Amino acid sequence: MEQQHEGHDHQHHQHHEPGHGGAGGVSWATAARATLHCLTGCAIGEVLGMVIGTALGWGNVPTMVLAIVLAFFFGYALTLRGILAAGVGLRTAVRVALAADTLSIAVMELIDNGVIALWPGAMDAHLSDPLFWIVLAIALAAAFVITTPVNKWMIGRGKGHAVVHQYHR
């Protein structure tokens, strides 16, 4: 009888990694890790876009567009790196990255850029201005807080970063 119970227990744990329970059983820590991964790519893209746009003397709109494009690029690139390292082909890896990160990055960018656009003086602050960095930090923190529940919901339904985790064995 004990052997049967052990077999059942082993079978159960084979399908669910710790913190990756079924729908609704996803831990906040798992969702936060997925969001932090996304935030890293977004932050790299945002800052690089702002630096490039400012260095080229571009206005606010083209600079913000560049920052958003680069945020998506680096967000996807970080996910692709991990999937490709697992030996997955490029075409499949791209599909997985798009499925895993698109909603997360989109929500993050909407919140992040919304805060920056609405914060008085933030759009006109230069990279040497402390206001630029303070508002960017607040915007990224707000994006993290708002995107984490989105990722928790998606992972709990086998979407988002849950798709990526099947390649991390």
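Me: Hi! Of the contacts in the protein chain between residues at least 6 apart in sequence, how many join residues at least 24 apart?
Reply: That share is 69%. Contact here means heavy atoms within 4.5 Å.

Me: Where do these values come from?
Reply: This is a predicted model, where local features need pLDDT of at least 70 and side-chain atom pairs count only at pLDDT 80 or more, while totals for chains, interfaces and linings use all residues. Residues are numbered from 1 along each chain as its sequence is written, and side-chain values use heavy atoms, with hydrogens and water left out.

Me: Cool. How many helices and strands does the protein chain have?
Reply: There are six helices and zero strands, and along the sequence the pattern reads α-α-α-α-α-α. Helices (H or I, at least four residues) and strands (E, at least two) are DSSP runs, numbered from the N terminus.

Me: And how many of the residues are buried?
Reply: Of the 169 residues in the protein chain, 36% are buried. Buried means under 20% relative accessible area, exposed means over 50%, and partly exposed is in between, using a 1.4 Å probe and protein chains only.

Me: What about the accessible surface of the protein chain?
Reply: It comes to about 9500 Å², and 68% of that belongs to carbon and sulfur atoms. The areas come from the Shrake-Rupley method with a 1.4 Å probe; for residues, only the protein chains shown count as cover.

Me: Let's pick a residue. Is Ala34 buried or exposed?
Reply: Ala34 is buried, at 5% relative accessible area. You'll find Ala34 in helix H2.

Me: Which residues does Ala34 contact, leaving aside neighbours within four places in sequence?
Reply: Those are Asn151, Ile155 and His161. Ala34 and Asn151 are 117 residues apart in sequence, yet their C-alpha atoms are 7.0 Å apart in space.

Me: Nice. Where is Asn113?
Reply: Asn113 is in helix H4, which covers residues 90-118. Asn113 is buried, with a relative accessible area of 6%. Not counting residues up to four places away in sequence, Asn113 touches Glu46, Met64 and Ile68.

Me: Thr92 is in helix H4 too, right? Is Thr92 buried or partly exposed?
Reply: Yes, Thr92 lies in helix H4, and at 29% relative accessibility Thr92 counts as partly exposed. Its C-alpha atom is 9.8 Å from that of Leu80, which is twelve residues away along the chain.

Me: New topic: how many aromatic pairs are there?
Reply: The count is three. One of them joins Phe73 and Phe74: their ring centres are 5.1 Å apart and their planes are at 85 degrees, so the pair is edge-to-face. For the rule, rings of Phe, Tyr and Trp (its six-membered ring) pair if their centres lie within 6.5 Å; planes under 30 degrees apart are stacked, over 60 edge-to-face, and the rest tilted.

Me: What sort of pair do Phe132 and Trp133 make?
Reply: That pair is edge-to-face, with 4.7 Å centre to centre and 85 degrees between the planes. Phe132 is buried at 8% relative accessible area, whereas Trp133 is partly exposed at 39%.

Me: Last one! Where does Trp58 sit?
Reply: Trp58 is in the loop between helix H2 (28-55) and helix H3 (60-85). Trp58 is partly exposed, with a relative accessible area of 40%.
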